Amino acid sequence: MIEAFRPTTLSAVGLTLLKHFEQCRLPAYCPTPDDVPTIGWGATRNADGSAIKPGDYWDQAKCDARLDADLSVLAGKVVKSIGAAPTTQPQFDAMMVLAYNIGAGALAGSTLLRRHRAARYDDAAAAFSDWRFQRGRVLPGLVRRRAAEAARYRAVA
C-alpha cells in the first residue's frame, strides 16, 4: 500500500532524469529528421507561442529559466490529473518526466494514469513502454527513456 502522499514538484532526482534525456541545446536542432525544431531543454515554442526555428539561439540562463517555468506549469497539470490518488515522489517524478515529453493532456488520458489512480502500480509501470513510438516507429531512445521512467516509478521513496 502506498502512503497517502501527494507531491507537487519534481524532485532533484526527477530533474536529473529529465535533463539526462532532454539534454540542453543552445542552438535549435531537430532531434530526428521528421521532428520539429527544438531548443533548450526540449522547448518547441517560444514564450510568445511562436515556433522555434532552425538558427534560433538561447543562452543557458534562458534555457534554464524556461525549463523552470515549464515545469511549474506542468506540475500543476500533473497534480490535477493524478487527483486524490496516493502517489510517491518517485511515481510523481516519473509521470512528470513522461508528461514533459508527451504532454500533460496525453498523460491525463493515458492507460498508465488510469492504472495509477486504480492503485495498479505494477501495471502502471508497465504502461510506460506504451509511449516508445514516434510516427508509428519504435525509437531506441524512447525505449531507453521509458525504461528509466518506469524504473523511477517503481523506486522506493
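Where is the place of Arg120? Select that residue to begin the tour, and keep in mind that you are looking at a predicted model. Arg120 sits in the loop between α5 (111-117) and α6 (121-126). With a relative accessibility of 41%, Arg120 counts as partly exposed, because that class covers values from 20% up to 50%.

Now jump to Ser11. Its C-alpha atom and that of Arg120 are separated by 23 Å, and the two residues are 109 residues apart along the chain. Show the side chain of Ser11 and zoom in on the start of α1: a side-chain oxygen of Ser11 comes to within 3.3 Å of the backbone nitrogen of Val13.

From here, select the whole of helix α1, residues 12-22. Which of its residues are buried? Colour Gly14, Leu17, Leu18 and Glu22, which are the buried residues of α1. They span an arc of only 120° around the axis, so they lie on the same side of α1. Next, pick a second colour for Ala12, Thr16 and His20, exposed residues on the face turned away from the buried side. To see what the buried residues pack against, display β1 (25-29), α2 (60-82), α3 and α7. Before leaving α1, step just past its end to Gln23, where phi is positive, near 55°.

Your next stop is helix α7, residues 140-154, shown together with α1. How do these two helices run relative to each other? Their axes come within 11 Å and cross at roughly 175°, and α1 and α7 are therefore roughly antiparallel. Show side chains where they meet: Val13, Leu17, Phe21 and Glu22 on the α1 side, and Arg144, Arg145, Ala148, Glu149 and Arg152 on the α7 side. Colouring this contact by residue type gives four nonpolar, five charged and no polar residues. Leu17 and Glu22 should look familiar, as they are also among the buried residues of α1.

Keep α7 on screen and add helix α3, residues 89-102. Here the axes are 7 Å apart, and the packing angle is about 155°. These two helices are therefore roughly antiparallel as well. On α3, the residues making the contact include Pro90, Ala94, Met95, Val97, Leu98 and Ile102; on α7, look for Leu142, Arg145, Arg146, Glu149, Arg152 and Tyr153. The residues of this contact divide into eight nonpolar, three polar and five charged.

For a last view, select Arg145, Glu149 and Arg152 of α7. These residues meet α1, and they also take part in the contact with α3.

Note on methods: Residues are numbered from 1 along each chain as its sequence is written. This is a predicted model: local features need pLDDT of at least 70, side-chain atom pairs count only at pLDDT 80 or more; totals for chains, interfaces and linings use all residues. Side-chain values use heavy atoms; hydrogens and water are left out. Axes are lines fitted to C-alpha atoms, for helices over the stretch in contact, and angles run from 0 to 180 degrees between N-to-C directions. Helices (H or I, at least four residues) and strands (E, at least two) are DSSP runs, numbered from the N terminus. Angles under 35 degrees count as roughly parallel, over 145 as roughly antiparallel, 65 to 115 as roughly perpendicular and the rest as oblique. Contact means heavy atoms within 4.5 Å. Ala, Val, Leu, Ile, Met, Phe, Trp, Tyr, Cys and Pro count as nonpolar, Asp, Glu, Lys and Arg as charged, and the others, Gly among them, as polar. Buried means under 20% relative accessible area, exposed over 50%, partly exposed in between (1.4 Å probe, protein chains only). The arc is that of the directions from the helix axis to the C-beta atoms. A polar contact is a pair of N or O atoms within 3.5 Å; within protein, one must be able to donate a hydrogen and the other to accept it, and residues adjacent in sequence count only if both atoms are side-chain atoms.
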